[in-house]
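Dear colleague,

I am passing on the structure we discussed, and I would be grateful if you could look through it alongside the notes that follow.

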Amino acid sequence: MARVVVDVMLKPEILDPQGQAIARKLPQMGFEGVTEVRQGKRFELELAGPADEAALERVRQIAGTLLANPVIETFEVRVLDE
Amino acid sequence: MSEKNLDHGRPAGDPDDGPTAEWFAELAADDPETDPFAKRVDEPAQAPEATVPSPLPEAAQVPQAPGTDDTRPVSQDGPEAVPAEGLPAGTAVAQEPAPIHPDTAALAGDAASGGAPTAGEPVHPEATTPPAGTPLPQEAVASQAEAADEEPVVRPDGSFAGTPGDPAQGGPAVAEPAEPPARTEAPAPGGPLAYAEAPAHDQPPALAEAPAHGQPPVPAEAPLHEQPPARAEAPAYPEVPVHREAPVPAAGPSPVDALIAVAAPVPAEPPVSAEPPAPSAAAEPRPAAVGEPPVDSVAVAERTPEQRQPYVELGMNEGEYRRVRDILGRRPTAAELAIYSVMWSEHCSYKSSKVHLRQFADKAPQNDALLVGMGENAGVVDVGRGLAVTFKVESHNHPSYVEPYQGAATGVGGIVRDILSMGARPVAVMDSLRFGPADAPDTQRVLPGVVAGVGGYGNSLGLPNIGGETVFDACYLQNPLVNALCIGVMRHDDIKRAIAPGPGNQVILFGATTGPDGIGGASVLASATFDEESQAKRPSVQVGDPFMEKLLIECCMELYREDLVVGIQDLGAAGVSCATTELAAAGTGGMHVVLDRVPLRDPTLRPEEILMSESQERMMAVVEPAKVERFLEICARWEIPATVIGEVTDTGRLVMTWRDEVIVDIPPGTAADEGPVYERPYAPPADLAALQADTPGRLARPANADDLRNTVLWLAGSPNLSAKTWVTSQYDRYVLGNTVLAMPEDAGVLRLDDESGLGVALSLDGNGRYARLDPYAGAQLALSEAYRNVAATGARPLAVTNCLNFGSPEDPGVMWQFARATEGLADACQALGVPVTGGNVSFYNQTETQPINPTPVIGVLGVHDDVRRRVNMAFPAEGHMLVLLGQTREEFGGSEWAHVVYGHLGGLPPLVDLAAERALAAVLIAGAREGLLSASHDISDGGLSQSLVESCLRGGLGCRITLPGDPFVTLFSESVARAVVAVRPGSEARLGQLCEAAGVPVTQLGVVGGDSFTVEGLFSIPLHELREAHERLLPSYVA
Amino acid sequence: MNAARVGVITFPGSLDDRDAARAVRLAGAEAVSLWHADHDLRGVDAVILPGGFSYGDYLRAGAISRFAPLMEELVPAARAGLPVLGICNGFQVLCESHLLPGALLPNAGLHFVCRDQRLRIDNADTAWTAEYTEGQEVVIPVKNRDGRYVADERTLAELEDEGRVVARYLDLNPNGSLNDIAGICNEAGNVVGLMPHPEHAVESLTGPSTDGLGFFTSLVKAGLSRAGVR
């Protein structure tokens, strides 16, 4: 059993209107010093077996075909420490 | 480098080197060592640019173009002639109307007969032959193009070499139609028509004859010369592997990449900083990007005439590039090349379609309602009570295939900004969608994304979606069509124009910041043919921000209300390039832009990229200096970034500076209005005769009552005829509170004025199968149906917009389809008295060599004097008499029945009968006005059967009818100019009088009532069974 | 003029503000436009937070609007008894502001849904539903992307026990709301959140019914009597 996290973010060059809207609001609320906000998604996948390289490769395939849209998004896969 | 795995994102610990660095890295060609362009990116010395920001000078101090180039006298081909007569109000149309044919009925008859040519008839008798030369057969064209593709056009030393055997060198070669068309008119040779004014599909008639400012005549650029194979149209689009394992296609540098690389000076060039700064140019409060390549300024261009330039990668042919050099008297700078390449792309210049679209103006019927004709962002028509309406449909086909959600969303966003820039408040949208087979896996990817995108954007803008179509056909499998329409309303006085008059007036860019979105999209993405490598062409997706656009709408409304805008233009394809050249060309003729001032989302963008960026939700306004402050205040209130980036001048030149150097100095009209015009060769598709000969007469018909019953259910549940609730329930149809009718009604109906009830009706229709069988008739049939749909609600049809979706114009068969369709549409608009006010052409909708069915999608706008008298399609009450209006013939070519039951496409489409269509509309309009009709539904796809099914289900009431004549033909034929109506008790006689006066055949069918669809003596289908059949399909596939 | 003055807030991205104002006028009251960035309720007798996608629904629906300057005025006024109706996005803002319990999540079907929805009015005692009778069935458009009402079990039980479910979906639950909840109110009954859009059912020409008018006429009565007290 292992838990694997997939973080999906918009590629840096892709417009992130959500992050921008949040970033614009922050100073109005008195939070200064934040120059950029990018919003992403986090997935947690519970694996039946160990998080070995083969399993992680499968997770990367899952991430690349389903969780992330490679047209506009990148992702990172990492194993969550139990 | 090309192995870089985008799919899996940046490796952990990827240096935070800024998005653009990675962007370029991703786009760069295979091996930088062997790629001269890529190599040069790495080489240039870091330009020690000023890093001390200084505040923007006051708006009024925007300098005149520094340097020497701006002092050059306006060349003889300067743009004055263009702006002077430039974009006159559409009133020009009203002032110089094309004469109406005295006998519209006869004309309609002509058109109708012309619409059904025999199999061997190649073209309409009046079709213009290509201007010169001996045509080549289609095969020769292909091989010619292939040869051209393999030949280097530019020598390594940068000199220009004609391709051996290049037709341009040896005189124009023109393909010949399979049979030489009869010619009754002299063709328009290159000269006068060559570079006629027509920024977008919409030629102002006054300018159609505009002289070409002494430009070289078109024939110099032989029609064949610019015909590389489709792939070559976009040879170097960023090809990035999506999967690590995927074979890496041999990729050239991206166009923008190439530009930037070439922008680097030859080593001998002095660094930028060594150039004396322009006297009064604004220093930018932006840190100099480290490693920024030196600027390819006008001065550099003059010193390096032999510098090779990537015009081929940017989609230009040699003739076009040569012409740019002729215009400028030197090589263009990288920025200028970016502007010309994108403005002269098919997408922006309509170079292949212009000669045909001209008919819409030439044949425009007189119509006093037309306030602004073709040539602006959208046409404007008077609907009474001081109100005017503007509407237009536009395609976003290719982007929607690449990234369905964003492609469709930004399609809606773009057309809404077109309407907004006319001075109107957008009040509704519609969408015409076409996909591959409903059960195809890729359809299940594309359709939900497109629908969510159309809905996600339109809903977030608060614009009701009031109608459209959703069609499935195998030909659209890899070429979905996403055509979006927007309609806006304004007072007559509020009409805004895309002009930049008045030297000293300020140019303000407002809305979203500029990022690397869709760079090159206008010239590459929007026109690239899909093939196996399209998956690799995924970057440069534009992301829409509907929230920003909603703010833009409200902000513009306030700006208009306070009369703060002299001219305004939205930024769509070609972004800043398009907005600046078009505004300047249509204004006083000059503009100076400090490109550094464009607010960037990515500060490392290069000037060429800024010029080509298609970042969404941006507008450009021309504002009097005294009003700038208030303008900026209103933008701030709506939290919209706004920046003065330049000033209108009277120099006749569009001048742009970057880092204090002049990088653009061109006559704007040469980019905006005087792009190349091609008379591409055309000939009927080789398979057309066989297709037309394969009539549906050979198909077995239902043999008995049971078969008929099953056919009714089969058709009602087929993909094209089944309920589209799954789609339309994702669209807000209520917002703004003025939606009187929306899908699935025949037309969307909007109230414009609460008190009087003044309103409009809109319908959007097309039928690619009809157009495949006969494009001339197919375009007319689409118009016919939209016209009928509008009239069915009781509205008076007034004006037309269109979106012409075709394959590659370089395929003579496709070009023939296009020529025939435009001619058919222009003729039919003339016959029906409804002018084309604007539209859009989408070419290259094909996979490999297989084009889609030619698909002209036609929108018709009608007026309701009082929407409270509109009629809808639902059967309302027991006992109302049901009447069939119009004549039914045995017509099954291209029908839904042949398509659904046999997958058959052949024969000829239904006969076009515009006179009958007009007569039917007169009855429907009068019937609605006099309150005679309790329901009204047009008959089209699927025939009478389908119309009855829809009206029964809509009202929840059945019907009992008796069929005259052959039951099969009566139920399923798709003859035009027909409708089924329910008559209010006591109004039967009056309706009969109206029909008799108009010459519309009347057939009493039966009555409304019961809970089944019953055909006496044949069959009865309970409504619940009908509903199950009609509503099951889409959710089962896509839900 | 004795007509009740009903404020309609415009947030950036509000869409149904003009529709709400129209409904207020059709109900015989005066519609007063309120701007999100002001600190001024302009002395209105009641406030409507209209539908739309304020701030694009970015982050979460209503999550950014909740911090609008005007909300700093509205929240205490609502707690003091000012009638407040949040429609759709307005409902989401009220939940994010904790004027109402629970939250609204993306629809169970994951799509935007626009349909003519049959509802039952389960509480006819609020400031906004007095014109109805308990158990009355109405047809009002629903159109939302994030309309699935959720709350923890205890809150749900409280809402049910105290009769604070104002309206419930009939026939078909369009978004997966718990207990088919279409609208709720606060304990005092002056703050109502409603996912369906009564402002789109005030004219037979443009709506599926005129059943929605009652929400606005209820208020007019309440507003008028309140004005009389003042």
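Before the annotations are taken up, please bear in mind that UniProt positions are given here in the numbering of this model, that feature names are shortened, and that annotations may be inferred rather than shown by experiment. The model itself is a predicted one.

With that caution, an unreviewed UniProt entry assigns "domain: Phosphoribosylformylglycinamidine synthase linker" to residues 307–351 of chain B. Within residues 307–351 of chain B, helix accounts for 56% and strand for 0%, while the C-alpha atoms at the two ends lie 27 Å apart.

The unreviewed entry in UniProt also carries the feature "binding site" at B:Asp418 and B:Asp570. These positions are spread over 153 residues of sequence, yet they cluster in space, with a largest C-alpha distance of 6.2 Å.

As to their surroundings, B:Asp418 belongs to helix 16 of chain B, which runs over residues 404–420, whereas B:Asp570 is part of strand 8, residues 567–570 of chain B. B:Asp418 counts as buried because it has 28 C-beta neighbours inside 10 Å, and B:Asp570 likewise counts as buried, with 26 such neighbours inside 10 Å; the cut-off for calling a residue buried is 20 or more.

Setting aside residues within four places in sequence, B:Asp418 is in contact with B:Asn377, B:Ala378, B:Lys392, B:Glu394, B:Cys486 and B:Asp570. With neighbours up to four places away in sequence likewise left out, B:Asp570 touches B:Asn377, B:Arg417, B:Asp418, B:Leu420, B:Ser421 and B:Met619.

With kind regards

Notes:
Residues numbered from 1 in each chain as written. Chains lettered and ligands numbered in written order. Predicted model: local features only at pLDDT ≥ 70, side-chain atom pairs only at ≥ 80, totals over all residues. Helix = DSSP H or I, 4+ residues; strand = E, 2+ residues; numbered from the N terminus. Buried ≥ 20, exposed ≤ 12 C-beta atoms within 10 Å, placed from the backbone. Contact = placed C-beta atoms within 7 Å.
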